[in-house]
Amino acid sequence: MYNIKEYYEAATLEEATELLAANPNLTIIAGGTDVLIKMHHGQIEKAELLSIRKIKSLQGIRKLEDGTIIIGPLTTFTQVVNDPVIKDNIPVLAEAALSMGGPQIRNVATIGGNICNGATSADSASTLFALNARLKLQSKLGERVVPIQEFYLGPGKVDLKAGEILTEIIVAPGDYQGYGGHYIKFSMRKVMDIATLGVAVICKIKERNIFADVRIGLGVAGPTPLRCREAEAFAKGKTISRETIAEIGKLAVKSTKARTSWRASKEYREHLVEELTQRALKAAIVKAGGEEIA
Amino acid sequence: MAYTVVGKSINRVDAVAKVTGQAKYTGDFIERDMLVGKILRSPYAHAIVKNIDVSKARALPGVEAVLTYADVPKIKFATAGHPYALDPKHRDKEDRTILTSKARFVGDAIAAVVATDELTAAEALKLIEVEYEVLEPLLTPEAAMREGAPLIHDDCERNILSSYGYEIGAIEEAFQEADYIFEDELETSIVQHCQLENHVSCAYVDSDGRIVIVTSTQIPHIVRRIVGQALGIPWGRVRVIKPCVGGGFGSKQDVCLEPLTALMTLAVGGRPVRLELSREECMIDTRTRHAIKYKIKTGVSKDGKLIGMHIAAISNTGAYASHGHSIAMAGGTKFRILYPMKALKYEPLTVYTNLPVAGAMRGYGSPQITFAVESHLENIARKLGIDPIEFRKKNLVNVGYVDPLNGNTVRSCGIRECIEKGKELIKWDEKKARYKNQAGTKRRGLGMACFSYASGTHPVGLEMAGARIVLNQDGSVQLQIGATEIGQGSDTVFAQMVAEVLGIPVDMVHVISTQDTDITPFDTGAYASRQTYITGMAVAKAALEVKEKILDFVWGMTDIPAHALDIKEQNIVYKHSGEVVMPLAEVALHTYYDTVFARPITSDTSNNARINAFVFGVTFAEVEVDLKTGKIEVLEIYNVHDSGKIINPQLAEGQVHGGVGMGIGYALAEQMLFDEKTGKPLNNNLLDYKMPTIMDIPDIGVAFVETFEPTSPFGCKALGEPPTIPVAPAIRNAVLDATGVAFNRLPMNPQRVFEKFKEAGLI
Amino acid sequence: MKPVPRIKLKVNGQEYQVEVPADITLLELLREYLSLTGTKEGCGKGECGACTVLMDGQAVNSCLVPAAKAEGSEVLTIEGLASPDGRLHPLQEAFISEGAVQCGFCTPGMIMSAKALLDQNPHPTREEIKVALSGNLCRCTGYAKIITAVEKAAAMIAGEGRG
Ligand SMILES: Cc1cc2nc3c(=O)[nH]c(=O)nc-3n(C[C@H](O)[C@H](O)[C@H](O)COP(=O)(O)OP(=O)(O)OC[C@H]3O[C@@H](n4cnc5c(N)ncnc54)[C@H](O)[C@@H]3O)c2cc1C
Ligand code: FES
Ligand code: FES
């Protein structure tokens with residue numbers, strides 16, 4: 001039983017933004033796998049829910065002619081895993097999606113909900129960080145587009161203004177074409193677990209063995225997902241070698257703001273960042289067409 | 001002995017009901033006007049309620065009753081699911097009331113409401129105003145035993161619940177005699193049963209004014225008695241019904257909800273009330289497994305013989321006694337048969353703390369002590385440079401050994417064969433050679449551990465079992481037992497036993513799976529892996545009695561002496577030739593309707609088994625350790641058991657699979673965590689508590705060494721709990737083999753492994 | 001508690017219109033309003049899979065579905081798996097014959113997750129079976145016989161040419 005006071009179902013985006021504008025108490029519910037858990041724990045009481053699940057325009061994944069990929073926020077994790085556009089163009093996102101929850105959760109949980117929930121452990125977020133994803137937000141008053149890095153404000157806090165709905169997750173062609181990527185979810189169980197650390201690395205290789213670009217997105221290495229700018233800057237233009245990769249792993253730690261909790265110590269998380277960044281990078285290199293580095 | 005049904009993998013008798021959704025569990029008894037009970041829990045680990053105001057809660061529409069500690073009987077009672085002891089000295093510790101004015105752990109029940117629905121009940125709880133005087137929370141046994149620490153229960157000095165131990169031989173002399181002395185300190189963590197069905201019970205008052213409780217329990221007859229005691233009412237005024245149970249593993253060998261549920265229905269004029277715990281509640285306010293710390297000192301001779309062992313143990317029993325006092329003792333008793341030695345001294349302290357209540361859980365103290373002893377022996381073997389398996393073999397028990405303290409005798413023992421089988425299954429020698437010189441970040445290793453255990457509780461506890469059989473008109477029978485099916489498959493093996501004795505197919509044995517204290521024969525219940533062995537005796541006895549009556553009846557009908565007859569394939573036959581005399585169904589019909597001789601055949605038998613049988617077994621494990629991340633993966637694992645004759649191989653395998661799965665969780669991942677300052681639970685849910693999923697468990701190999709136990713009618717011995725016991729130390733020993741790092745603490749989760757590897761200079 | 005304007009849904013092939021409070025879940029609707037108690041609750045928050053049903057062909061945790069969300073959907077529960085003539089589904093038969101059932105509390109959810117798998121992938125590998133059942137916890141069986149049972153059911157269905 002949930003403490004639900006009202007349950008509205010919006011059929012269109014306009015209807016949803018209207019309702020939101022009219023009632024500031026509404027909580028958006030997509031798959032509900034975060035919202036309902038919060039209600040279960042009493043963090044949300046007497047909820048007035050606005051379901052957006054039936055809004056057609058927020059569903060599905062498209063690739064525009066210029067190569068831009070638009071992911072509807074209502075896309076479930078199962079859909080992300082199986083989607084041909086994702087599989088062909090950004091398979092690393094499918095990997096990340098498959099690591100999330102279990103089948104029943106993936107069948108209902110949405111990628112938009114994953115992001116808007118604001119958790120640092122969100123399995124899609126580190127990859128979307130690495131992909132420089134941008135988010136389109138719409139309210140009755142209009143729309144704006146923000147880079148995902150700016151969207152995350154703090155633990156559980158995102159830059160979603162009153163009345164706004166996330167309507168598109170946008171990945172530009174230049175941010176994925178020619179890249180190979182790999183996601184490592186480090187958790188205590190192989191499935192049905194929240195990441196102790198999530199590491200998404202994408203990279204692009206030129207002249208067979210030179211890093212044209214490396215991007216590292218981390219989850220649970222700080223209060224929000226984050227990028228490892230220092231390591232990325234170091235990598236650019238470097239020849240691929242064990243030593244470079246080791247250095248990238250070391251530098252990645254510098255961008256983290258891990259803390260000790262009952263789940264893992266700061267020291268351990270940092271150790272994992274160093275180790276797993278290297279492992280993810282090595283896998284990404286192969287997927288980007290590079291040679292395997294033992 | 002050749003059996004026709006015993007020893008066969010027949011399908012479970014309750015399987016169809018369970019795969020179609022027809023099986024009824026306690027929560028499925030839904031009545032439209034059923035009220036909902038909910039508990040107000042203390043947010044503090046240690047506190048005294050100064051004041052409580054329930055007036056606002058009472059006034060909330062939909063609230064039917066509010067109860068506080070002031071409304072419950074002023075009777076202290078014990079909750080452990082043990083048979084009642086006539087001797088007051090042997091009774092369980094009576095240390096709690098149904099609701100309390102002194103909170104002893106975060107989650108302790110202070111008050112309760114009964115309301116028309118769940119949300120109203122939840123709302124009402126919020127309206128209860130409580131003023132607490134917060135006391136110092138004592139979250140470790142060390143803190144609790146400290147001089148001057150506040151007392152959790154007034155009558156237990158230094159918060160020590162019990163310190164009962166033993167000494168066999170003279171330990172100091174043995175140490176003098178030994179060539180080497182080894183010492184280790186090891187400890188286990190608090191884990192939880194996580195049976196899939198949470199604790200739930202429903203109660204109402206029937207038209208005779210008796211309290212009827214439908215409840216998810218392993219021990220219906222004990223529940224009746226304890227509810228009677230807790231409420232201070234005659235035990236016969238309580239009727240307990242046990243429908244299907246969705247797992248227990250010991251957490252339901254305890255009386256957790258029933259007294260309060262009974263009180264709730266009384267508070268609302270006997271209307272039906274359901275009290276169902278959420279998973280979060282279930283994980284903190286039912287029972288947990290004791291975390292135990294061991295200090296072990298062992299004397300060994302040059303040729304690798306164990307001379308003497310001294311074990312000091314500190315067991316954290318949490319806020320109330322439950323089974324605590326007897327678990328330390330049971331663990332210390334059942335392991336010692338495996339390696340008899342001159343001297344053995346066991347000094348356990350069971351200590352109260354302000355944490356959830358520890359109680360019975362699969363293995364009842366044995367997984368803890370087996371982890372400690374089998375890890376310790378591994379360390380010794382390595383230090384002595386003896387092959388760990390050879391070291392154990394030098395010290396193993398033999399048939400004929402009599403436990404010097406309780407007189408229990410080893411009458412069947414297949415431990416050596418178990419070891420050989422396990423070695424072969426895992427390809428021990430071949431892999432040992434292969435893994436000799438490993439490099440790289442991933443290292444493999446092999447480990448093993450042995451265990452001994454008992455079949456039931458004799459001579460500590462009463463081993464009473466009851467069975468009733470009724471022969472129907474068509475030659476089929478009804479079987480009623482007081483023992484409880486909780487998933488382990490007991491109903492099915494009982495049906496096999498009856499079918500075997502009576503010469504009928506299993507589907508002619510209708511097992512009444514529901515226990516109802518008003519009508520089922522008395523049995524103490526499902527625990528101590530006792531049912532197949534102990535209740536099996538009563539079932540066999542009842543079946544033999546029915547058979548005897550049938551053959552006597554035929555004698556009357558035919559003048560063929562009973563001793564010349566037998567029953568085979570539903571026919572009465574001549575024993576010597578097998579020639580059919582008449583169908584059993586015809587006899588059965590006559591027992592009902594013969595106008596002169598009719599006398600329906602039944603048997604109602606109890607058996608007080610003053611005997612026990614030792615079981616043995618071993619786990620062999622192969623692991624791969626990631627030196628960089630601290631992740632341990634079990635690649636292969638085999639359990640080999642001597643549980644005597646296996647009545648149903650498929651069910652037996654299932655027990656082993658489940659036990660091994662639980663053991664893997666115990667070894668690598670599971671632990672209940674509490675805030676170190678406040679004692680608040682941190683991971684009391686199934687996402688944060690790392691019980692293994694289907695992806696976390698490798699293929700599990702199972703084998704049996706079938707000895708024949710002469711004290712059992714079918715040669716069988718215990719199997720339910722044992723599979724869990726040796727798993728964690730085998731994995732731990734495999735990790736030691738792979739990395740050279742000797743873990744002394746469970747679980748070996750990545751964070752711990754990381755820390756230990758740093759310490760060892762591996763990272 | 002505010003009743004929602006009647007929920008219309010199809011469960012196990014049968015149309016229902018039920019008036020339920022806004023705050024209940026699909027799980028409660030099934031168990032308490034339709035008396036379909038085969039679907040179990042082990043956690044109430046998506047962590048155990050005991051409440052798994054198929055909603056429009058997909059395995060979902062019915063404890064995480066507000067009843068209102070089930071409006072217009074087609075739900076299949078464990079009670080709807082056997083043929084109307086009582087013939088068990090191959091998954092049910094295989095769970096019995098392979099000994100995949102112990103306490104049985106996880107069983108309905110396990111079977112429904114397995115059903116969702118076999119509907120989409122009639123010839124799964126052991127690994128695919130594990131992934132499909134990875135949202136369902138079982139404490140009794142160590143999962144071993146459950147995996148074998150699903151393999152066997154797949155083979156039975158292939159043999160029978162039925163779905
Ligand atoms: C058992 C279990 C396991 C889980 N495992 C994982 C895991 O492994 N990895 C992981 O990352 N997460 C996990 N989660 C968390 C959760 O499933 C995910 O975060 C999921 O993606 C949330 O999506 P949803 O559609 O269910 O969100 P909802 O609960 O519907 O919404 C989440 C938040 O986002 C807001 N919101 C949703 N959509 C929009 C929108 N379009 N515009 C504006 N706001 C919106 C909601 O108001 C709410 O605040 C798990 C949850 C459970 C219960
Ligand atoms: S009850 Fe729904 S997942 Fe556990
Ligand atoms: S059979 Fe008991 S939980 Fe799976």
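**Exercises on ligand 1 and helix α18**

A nitrogen atom of ligand 1 is placed 2.9 Å from a polar backbone atom of Leu166(A), a polar contact being a pair of N or O atoms within 3.5 Å. This is a predicted model, in which local features need pLDDT of at least 70 and side-chain atom pairs count only at pLDDT 80 or more, while totals for chains, interfaces and linings use all residues. Residues are numbered from 1 along each chain as its sequence is written, chains are lettered from A and ligands numbered from 1 in the order in which they are written, and side-chain values use heavy atoms, with hydrogens and water left out.

**Exercise 1.** Find which residue has a side chain with an N or O atom 2.5 Å from an oxygen atom of ligand 1.

*Solution.* Begin with the oxygen atoms of ligand 1: one of them is 2.5 Å from a side-chain N or O atom of Asp34(A). Then turn to the backbone, where an N or O atom of Gly101(A) lies 2.8 Å from an oxygen atom of the ligand.

**Exercise 2.** Check whether the length of helix α18 of chain B agrees or disagrees with its number of residues.

*Solution.* Helices are DSSP runs of H or I with at least four residues, and the expected span is 1.5 Å times one less than the number of residues. For the 13 residues 727-739 this gives 18 Å, and because the end C-alpha atoms are 18 Å apart, the two values agree. Finally, consider cover: twelve of the 13 residues of α18(B) are buried, meaning under 20% relative accessible area (1.4 Å probe, protein chains only).

Note on methods
Helix = DSSP H or I, 4+ residues; strand = E, 2+ residues; numbered from the N terminus. Buried < 20%, exposed > 50% of the residue type's maximum accessible area, 1.4 Å probe, protein only. Polar contact = N/O pair within 3.5 Å; in protein donor to acceptor, adjacent residues only side chain to side chain.
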